[in-house]
Amino acid sequence: MPGKQAVQTICPFCGVGCGMHLLVDDQNRVAAVSPQGDHPISRGKLCAKGWSTPFAIEPGDRIRQPLIRTDDGFRPASWDEALEVIRYGLLDILSQLGPTAVGVISSARASNEDNYAAQKFARAVLGTNNIDHCARICHSPTVAGLKQTLGSGAMTNSAADIDSAEVLVVWGADATENHAILGGHIIEAKLRGATLIVVDPRRTRLAKLADLHLQVKPGTNILLVNALLHEIFRHGWQNQDFLDSRCEGADALRKSVRDTSPTQLADAIGVPAEQIEAMARTYGQANSAMILYGMGITQFVSGTFNVMALSNLALSCGQIGRPGTGINPLRGQNNVQGACDMGCLPNVYPGYQDVADPAVRQHVSDYWQCPLPDHTGLTSMGMTQAALRGEFKGLILFGEDPVVTDPDQNEVLASLKALDLLVVAELTMTETARHAHVVLPAASFAEKNGTFTNCERRVQRIHQAIPPVGEALGDWQWLGAIARQLGSSSLDWTNSQAVFDEMAGMTPSYSGMSYEKLARQHGLQWPCDDAAPEGTPTLHQTEFPIGRARLIPVHHVDIDEPADADYPLQLTTNRLHFHYGCGSMSRKSPLLERETPDGILFISPEDARNLRLKNHSAIGIRSRRGYLETRAIITDDLPPGLVSMPYHFSEAPSNQLTNRAMDPVSKMPELKVCAVRITPLPEG
Ligand code: SF4
């Protein structure tokens, strides 16, 4: 674009990690974006959200300086004053209750450098493993499940493999809405002749194009996998060589699915046995079959078992360790993979190194030159619960809005009100920031250098395009300033490259990376080390990190809250193509906002008829946890008995309704299904 400087960076929205240029005008504002033509994933394209990036960082309503809470709102303050309040607040809590009473929630939207700093701040400065982020409510079961079965909790293959897979299975993921560029690759692959199978309770856009759509009842994923495995073993479609040479537990798995035939389970799953048989035949006989999955797998009380079930399916058929195969979680936010890799989880250091392992802890302690806590910390939900019990008093949070995104909003609000110190660093005033004692002005991705790691483990550089707005600071910088207030110099880096180099020095899977190497190409996929200096597009080609992969039989777990006479409909959650997360970025765009301006509920024609609803009728929705009002959109994309709501809208927050019952392994709340009652409201 003439007259504008183009700065190469990565889209700040979803985990696909599309390459873009920020076009900066002579007023130092990001005036527009353009796609990187040679980017290996986005290939010269961006979706509607990517094109709207300038609105997300627009300085208009940005927080420009620190704010301190007063009796009737906030007053502007200097950084020194804000840091002083934070210092006194933290020292007070630490002296009274110790380090278990404080914690940090970092951000899947922030860079790897920011996330590395956040977990180091929690562990080395505050002395606690109470560090978590929003992966808890998207893919924590992936990390827990695949770690057990394969030894590594990440996408096994690359986005480019969509082009070469003979069969694509999209399971509980709405890729055209949430990962639009990747969804486009799936459509192109289907048009070129790949077989597309979709498993989803909703008739998504991809389901309408699919060769086979299994419109399962919510919460029946394990039943379906076990029925498929029954059929695969019955016909001898398993890859016996692969099972014999690379896996353990095949006999036990085979025995566990002896009585799970498609005919026996079809009614419970909600699809005809013939469809299950057809899917087993197609997947079981494919030369290359790739599973792509989303939160329709993870957001259940059985989330970790669901992931392990998918792993059983892929391993049994030898569909792993080769291009065009694998188990591939589609990560939601731009850097949710990186935030996990950086150790922003209460049980692992960077690179998934176990905090409970004394040898690992000693190694990290030596590297950081400080003592470290020896017990696993609290998850984000654990911090909520501990705050309600009065055991957790101080929270530092950035780039997240749990009031909108976490289940059971009323409980989240009560827990925030129970804190003695809530520090929120944000771009704009979010629902959560409104409850903070101190609000800090954070720098947007366009104002800082660093790296993001996308869903296919590709670490990519982001470059500073504009100066920070107002007095905003990058997250590793303000965390360093708080650390200095507490007498620690352990976050005293001079630039983001120094943060990255320190991180790479203790993170085996990143050990072969440097800014210089990342700049030479479009990033590197981990593991990138001495054995794989150019990165690893396909994991597990010759061996698994745990030696042999583990087949672990898993059995159906009932959803926590089925529909009943009082709450006769099941509510599931979905996302919309034009919005993202809590809406704090996408809703700044008048173009995106024009498409879907506020909350809606999707309902089947049959249920709408029974409730005497018309399209756009005003409705009230009640669950056992809350009530909200919105409008109904009638669609035959949903079966009778199931309604669906996006969670992007604070004026109709679906998380007023959702259930916090958790997967016992990963602590993932069951966001994908709860029971609700709908009442028509008078129009007015
Ligand atoms: Fe950005 Fe995701 Fe859209 Fe790509 S698909 S442009 S990363 S929002």
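Mentor: A residue is called buried if 20 or more other C-beta atoms lie within 10 Å of its own. Please keep in mind throughout that this is a predicted model.

Trainee: Why is Tyr510 called buried?

Mentor: Tyr510 has 27 other C-beta atoms within 10 Å, and because the threshold is 20 or more, Tyr510 counts as buried.

Trainee: Where does Tyr510 lie, and which residues does Tyr510 touch?

Mentor: Tyr510 sits in the loop between α22 (496–506) and α23 (515–520). Once residues up to four places away in sequence are set aside, Tyr510 touches Gly351, Val459, Met503, Ala504, Trp526 and Cys528. A contact here requires C-beta atoms within 7 Å. As for Leu421, which is 89 residues apart from Tyr510 along the chain, the two C-alpha atoms are separated by 35 Å.

Trainee: What makes β17 a mostly covered strand?

Mentor: Strand β17 covers residues 421–426, and five of its six residues are buried, so the description "mostly covered" follows from that count, with each residue judged against the cut-off of 20 or more C-beta atoms.

Trainee: How do you know that β17 pairs with β16 and with β18?

Mentor: Two strands pair if there are at least two bridges between them. Strand β16 (residues 394–398) and β17 are joined in the parallel sense over five bridges, while β17 and strand β18 (residues 438–441) are joined in the parallel sense over four bridges, so both cases satisfy the requirement of at least two. At the level of residues, Leu397 stands opposite Val424 in β17, and the bridge partner of Glu426 in β18 is Pro441.

Trainee: Why are β5 and β7 called edge strands?

Mentor: The open sheet has seven strands in the order β5-β4-β18-β17-β16-β6-β7, with mixed pairing. Both β5 (73–76) and β7 (131–132) pair on one side only, and this is what makes them edge strands. For β7, the pairing is with strand β6 (residues 102–105), in the parallel sense and over two bridges, which means that the minimum of two is met. Within this pair, Val104 has Ile131 in β7 as its bridge partner.

Trainee: What makes a set of residues a nonpolar core, and how many residues does the largest one have?

Mentor: Such a core consists of buried residues of the nonpolar kinds, among them Val, Leu and Phe, joined through C-beta atoms within 7 Å. The largest has 179 residues, and those with the most contacts inside it are Phe121, Leu168, Val169, Val170, Leu224, Leu228 and Leu310. A second core, separate from the largest, has 28 residues, including Val301, Tyr567, Met662 and Ile678. Returning to Val169, its contacts beyond four places in sequence are Ile197, Tyr283, Ala289, Met290 and Ile291.

Trainee: How do you know which residues and domains surround the ligand?

Mentor: A residue is near the ligand if its C-beta atom lies within 6 Å of it. There are 14 residues around the ligand, and Cys11, Cys14, Cys18, Cys47 and Gly50 come nearest. At least three residues of the shell come from each of domain 1 (5–56) and domain 3 (140–330), and α1 (48–51) and α7 (180–192) each supply at least two. By class, the shell has nine nonpolar, four polar and one charged residues.

Trainee: What makes domain 2 and domain 3 neighbours in contact?

Mentor: Their centres, taken over C-alpha atoms, are separated by 36 Å, yet five residues from domain 2 and six residues from domain 3 take part in the contact.

Definitions and conventions:
Residues numbered from 1 in each chain as written. Predicted model: local features only at pLDDT ≥ 70, side-chain atom pairs only at ≥ 80, totals over all residues. Buried ≥ 20, exposed ≤ 12 C-beta atoms within 10 Å, placed from the backbone. Contact = placed C-beta atoms within 7 Å. Domains from an automatic or database assignment. Nonpolar A, V, L, I, M, F, W, Y, C, P; charged D, E, K, R; others polar.
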